[in-house]
Amino acid sequence: MALDFTFTEEQEFFRQMVRDAVNRLIMPRVKELDEKEEFPWDLWKEFAALGYLGLRHEEKYGGMATDTISQMIFYEELARGSCGFAMAAIMQILMGTYFIALFGSENIKQRILVPAIKGEKIGTICFTEDQSGSDLGGTRTLATKVDGGWRINGRKQWITNGPIADFTTVMATVDPKLGLKGLNFYLVEKKTADRDGFTPGQRLHKLGSRCSVTGELVFDNVFIPDENFLGEQIGKGVQYAGDILNEVRIMTAMNALAIAKGAMEDARGYAKNRIAFGNPISKYQLIREKFAKYWAWYEVSWNYTYKCAWMIQNKITCTNECMLAKYHATEMCMYAVEEAMRIYGGNAFCTEYPPQRYWRDAKFLLYGGGTHEVLCDYLGRIFCKD
Ligand SMILES: Cc1cc2nc3c(=O)[nH]c(=O)nc-3n(C[C@H](O)[C@H](O)[C@H](O)COP(=O)(O)OP(=O)(O)OC[C@H]3O[C@@H](n4cnc5c(N)ncnc54)[C@H](O)[C@@H]3O)c2cc1C
């Protein structure tokens, strides 16, 4: 197969469209979005009207059915504007609707997926619990089979879009003793006067990505009908989760790339104007080294992450590659935001200047799609073949 590192004309055009929307709608409000810590409903409606919430879904449900590379272009451009808004939107586009699109009945797709694409319903996905994050085998949220459906009992935490969610895909176990083999996905809607469902619990206040709202969801003996079981077979939840994780990991890498680039480009502007010892600090070798290191690692990361997108698009197995991409991009990003903080000197500590926002936003990227330690442990084991 020939090597080809070019984007198609359509992909370049798509990038420009998204970039224009981000420049127009998000860039003037970056500071406000961070400070207010509120979900920006107006932006949500604008992005839904542009069709972006249906980026990866079939056209017959109102989606755009774009390729994986275009989806990554979207994530990269959106995160350049606001990591928080990107988190909320990507939750809807990718994780929140993934299993509904894959396994949902036609009725569920019409009732949930179609309004989700229009931005009229908000979704999320629930894995994490008080005592299980990286270790999904520790899931305690219980799904009990009853006549005509299931009863769900448990609490999930750290749920992006949780406080405003209309529906969620929840991972629950049929028996905690089965560990990973007992896990499945279920669709649960929010409780209303005429329907059983989850209720939002405590909202969490975050260090960064603050305009996405995050909190607990409570499942108190919630009844759901049989059609809300999302899968073909009981006990396959972890296998299904593995399929989406490749995309989650490179999506996270895209967020990291966008934050690193924003932080270092702002820092470059600052360094060229800040005078110390008679020169702009950008003239000093120790400052230039920070830019050089970032640039080298950024370029490698950017190319490798798009290679992973291309592999997913071409259905080439790439579990290890996507882990490597996420690991490399997030470590590169941690370096970039830390060095940007140093370049700004004492001003970095002031909320009037941007590096502290990049630094705070970046920290979240270390957790989703596998923490640094969990990825390293897995990759080290694969490398050593033990
Ligand atoms: C902003 C934000 C949004 C989120 N949104 C969602 C969401 O929408 N839905 C959802 O389900 N979850 C969400 N999460 C949760 C996220 O997925 C978890 O934080 C992540 O899975 C890690 O789990 P944990 O925080 O429980 O950490 P733990 O798994 O408890 O890990 C704690 C520490 O132990 C280390 N560790 C764990 N296992 C090992 C090991 N085997 N070897 C070495 N070290 C290890 C970890 O690396 C980490 O340093 C969100 C988190 C954040 C911060």
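**Fold, domains and ligand shell of the predicted model**

Among the contacts in the chain with a separation of 6 or more, 74% are made by residues 24 or more positions apart. That figure, like everything below, comes from a predicted model. The chain is built from eleven helices and ten strands. Its 386 residues would give a compact globule a radius of gyration near 21 Å, and the chain itself has 21 Å, so the two agree. Laid along the principal axes, the C-alpha atoms fill a box of roughly 80 × 50 × 45 Å. As for the inside of the chain, 45% of the 386 residues are buried.

Now for the domains. The chain splits into domain 1 (9-118), domain 2 (123-234) and domain 3 (238-384). The centres of domain 1 and domain 3, taken over C-alpha atoms, sit 22 Å apart. These two domains touch: 16 residues of domain 1 are in contact with 19 residues of domain 3. On the domain 1 side, the elements that supply two or more residues are helices α4 (68-81) and α5 (83-103). What sort of residues make up that side? Eleven are nonpolar, one is polar and four are charged.

The ligand comes next. It is surrounded by 20 residues, and the closest of them are F127, G133, S134, T371 and E373. The elements that give two or more residues to this shell are β1 (123-126), β3 (149-160) and α11 (372-384). Sorted by type, the shell holds eight nonpolar, nine polar and three charged residues. Where does the ligand lie relative to domain 2 and domain 3? Both domain 2 (123-234) and domain 3 (238-384) give residues to the shell, so the ligand lies between them.

Helix α10 is worth a closer look. This helix covers residues 355-363, and seven of its nine residues are buried, so α10 is largely enclosed by the rest of the structure. The buried ones are P355, Q356, R357, Y358, W359, D361 and A362. What covers them includes α2 (30-36), α5, α7 (237-273) and α9 (319-343). Helix α5 therefore turns up twice, once in this cover and once on the side of domain 1 that touches domain 3.

One residue of helix α10 to pick out is W359. With a cut-off of 20 or more other C-beta atoms within 10 Å for a buried residue, W359 makes the grade because it has 21. Setting aside its neighbours within four places in sequence, W359 is in contact with V337 and M341. W359 and L207 are 152 residues apart along the chain, yet their C-alpha atoms are separated by 9.6 Å.

A second residue to look at is I117, which sits in helix α6 (residues 106-118). Is I117 buried or exposed? It counts as buried, because it has 26 C-beta neighbours inside 10 Å. Leaving out residues up to four places away in sequence, I117 touches L53, G54, H57, Y61, G62 and G63. The C-alpha atoms of I117 and F13 are separated by 22 Å, and these two residues are 104 residues apart along the chain.

Terms used:
Residues numbered from 1 in each chain as written. Predicted model: local features only at pLDDT ≥ 70, side-chain atom pairs only at ≥ 80, totals over all residues. Near = placed C-beta within 6 Å. Helix = DSSP H or I, 4+ residues; strand = E, 2+ residues; numbered from the N terminus. Nonpolar A, V, L, I, M, F, W, Y, C, P; charged D, E, K, R; others polar. Domains from an automatic or database assignment. Contact = placed C-beta atoms within 7 Å. Buried ≥ 20, exposed ≤ 12 C-beta atoms within 10 Å, placed from the backbone. Rg over C-alpha atoms; globule rule 2.2 N^0.38 Å.
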